[in-house]
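Colleague: I would like a close look at one part of this model, the open sheet of chain B. Please take me through how its strands are arranged and what packs on it, and then put it beside the rest of the structure.

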Amino acid sequence: MKDAFGLPQSLLVLGGTSEIALATVRRLVARRTRTVWLAGRPSPGLDTAAEQLRGLGAEVRTVAFDALDPESHEAALGKVFAEGDIDLVLLAFGILGDQAHDEREPLNAVRVAQTNYTGAVSAGLVAARSLQAQGHGSLVVLSSVAGERARRANFIYGSSKAGLDAFAQGLGDALHGTGVHVMVVRPGFVRSRMTEGMAEAPLATTPEAVATAIELGLRRRSETVWVPGALRVVMSALRHLPRTVFRRLPV
Amino acid sequence: MERRGDTVTAMSADTVPDADWSTVTGWGRTAPTGALVVRPRTYEEAAVAVRDCGARGGIARGLGRAYGDAAQNAGGAVLDMTALDRVHAVDAAGGTVLCDAGVSLHRLMEVLLPLGWFVPVTPGTRYVTVGGAIGADIHGKNHHVSGSFTRHVLSLELLTADGRVRTVAPGTPLFEATAGGMGLTGVILTATLRLQPVETALMSVDTERAGDLDDLMARLTATDHRYRYSVAWIDLLARGRATGRAVLTRGDHAPLDALPARSRVRRSPLAFRTSRLPAAPDLVPDGLLGRTTVGLFNEVWYRKAPRCSRGRLQRISTFFHPLDGVPHWNRVYGRGGFVQYQFVVGHGREEALRRIVRRISARRCPSFLAVLKRFGEADPGWLSFPVPGWTLALDIPAGLPGLGAFLDELDEEVADAGGRVYLAKDSRLRPELLAAMYPRLDDFRALRAELDPRGVFVSDLARRLAL
């Protein structure tokens, strides 16, 4: 059960090698979390992540999960929930793709969309049903500012996150009043493996800062969390720019 | 239908209780969870609700005054017991009452005061049910004299997981597990209570100020035994030499001859009078109760208290339940809710109490109406909170940054001093500390495992702390 400060005792990470997710898990393990499930494609990276978390004192288990295989989601998540309540599901999988390359290779672009959006729709609905049945828990969905308004430079990724974001908001409204809380997290540019070698955008942040914001959001039972918080204002302005102006922005 | 000692069977469709899915929180309004709220109107409906409560079990709930998650049950059933609210029999000569568990102490006062009787123990609110009072084994300002609530329970009827209704008497393991057992042994249906005789519905109150914590503890230690009721309001925002300054209010039921002659109260000395202000609004911004506002409030409260006054007459509601005058006062903490932290440390552990008070004061927790009291002898409930010593209770907005970690540190201090925190107030204890705080926990778990092997009775509190 979560405590008065929204701190979970058990959590499930979908996308168990995500740096943001692992930073969040480390933070939560330092507080109340004792049981951690890392779901992801079996890989040395997933095992290493599990080992590191065990070192922090958590009981960690891994479960095979592939966002691109929605048919398997029911079974994979069902296994986790069958073992006991999950106080927090962190939906953290996603790929950035390579915009220039993907524009030329539509199938690659589809893969981005399927991972970030279709996979999340499936996993999100499956998780939501289990959470609703247990009458409590948070579903934290890692969206992105890129989904707030699609940019020329990464609209494939951006559109997938836009879909995910809209889906998660709707899911949150659907679950309102059931005891289940859905929180959409919109980080800006996060310095991580995913963005390695890329030019840093303004208001860049770190996985640790996102983790801090998630912990705060859980305490406040926020529905939307921007990281850093200033992005909320910035994006609110950008959202209302006319297309002709937005197109010319050097972002 | 026979209900005593028999498995209740043969339900017709019209005995299915009202049920409604909704989110439930405790009085602190933190950690909401969804549950099927069932409102049984008869014992039979309660039995149906327990029988049908499904894989995620059920828990009884009274008026929702437990601050944390004690009367919540995510995904399962919450039995709202307030429709079972009949006072069955009052023995006006012998001073006992038999009533349903859903009867509030407020209702009991309305019924009993005109007959010259008062509830044996009342907490800081009279809007708690008898069932809740037993489940949390509540205490009041008279703990040092009268012990906790279940000391005055002569008998109770408990609906257990197997569908039977058992009559439970003090001195039995089931009674001691149920007293303070947070509703996890079953659903209390009725109770017989021993009452306190009174001549009037007024209190004769002595008030004095204590300049700091040591002064306060000295006064409480020296003179508590002279009063039936004793409590100190302590200003935890005061710093420096004033750390722990407090207002002591102590008193007893006023005898008839203490009332002024030819006054209204003299003509009807046993009339139960209360007053209520408008309810607190639902939309209060978070952070209204910050250091400035609470500091100001505390300052005024301290200054307006007389340095020393004797024998002032007060209504029962003013003396015991000042916050009941503002319905929904818990809303003033805003949407983020609040946490009440209450612990007890034994006599001889005053140093731990001083350290904790200093830490709270140094941290400037915006806490108004913190309460310090000296407990008397403990009662036998296995998870009953009071033990002889000092108890401090304070409210803190849940949104205060770093509060969770800070309270964890206080827990360590409390546990190191052999103390414990109060489960009826808890919403955030680290589960690992529970066994150290409640040495009878294993007995409690063993009894539950035997009495309720399927785990029918469960609450969010029980899940969180693995009770």
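Modeller: What follows goes through that sheet strand by strand and then turns to other parts of the structure. The model is a predicted one.

The open sheet in chain B has 4 strands, in the order E1-E2-E4-E3, and the pairing is mixed. Strand E1 (18-24) and strand E3 (58-61) of chain B are the edge strands; each has a single partner strand, so one side of each has no neighbour in the sheet. From one strand to the next, the twist averages 30 degrees. Strands of a sheet pair through backbone hydrogen bonds, either parallel or antiparallel. E3(B) and strand E4 (residues 77-80) of chain B run parallel and are joined by 4 bridges. Within this pair, Ala60(B) has Leu79(B) of E4(B) as its bridge partner. Helix H1 (residues 43-51) of chain B packs on the sheet, where it touches E2, E3 and E4 of chain B. The direction of H1 makes about 170 degrees with that of E4(B).

Strand E2 (33-39) of chain B also takes part in the contact between the chains. That contact takes 18 residues from chain A and 23 residues from chain B. On the side of chain B that touches chain A, E2 and helix H14 (460-465) each supply at least two residues. The residues on this side of chain B comprise 12 polar, 6 nonpolar and 5 charged.

Another strand of chain B, E16 (residues 338-346), is worth setting beside the sheet. Of its 9 residues, 8 are buried, so E16(B) is largely enclosed by the rest of the structure. E16(B) pairs in the antiparallel sense with strand E18 (residues 389-397) of chain B, over 9 bridges. In that pair, Gly346(B) has Gly389(B) as its bridge partner. Strand E19 (residues 420-421) of chain B also pairs with E16(B) in the antiparallel sense, over 2 bridges. Here the bridge partner of Val344(B) is Arg420(B).

Last comes the nonpolar core. The largest such core has 210 residues, and those with the most contacts inside it are Val13(A), Leu14(A) and Leu91(A). Helix H5 (residues 106-134) of chain A gives the most to this core, with 9 residues. Beyond its neighbours within four places in sequence, Val13(A) has contacts that include Ala21(A), Val25(A), Trp37(A) and Leu38(A). Ala39(A), Leu90(A) and Ala92(A) are also in contact with Val13(A).

Methods:
Residues numbered from 1 in each chain as written. Chains lettered and ligands numbered in written order. Predicted model: local features only at pLDDT ≥ 70, side-chain atom pairs only at ≥ 80, totals over all residues. Contact = placed C-beta atoms within 7 Å. Nonpolar A, V, L, I, M, F, W, Y, C, P; charged D, E, K, R; others polar. Buried ≥ 20, exposed ≤ 12 C-beta atoms within 10 Å, placed from the backbone. Pairing = 2+ DSSP bridges. Axes fitted to C-alpha atoms, helices over the stretch in contact; angles between N-to-C directions. Core = buried A, V, L, I, M, F, W, Y, C linked by C-beta atoms within 7 Å.
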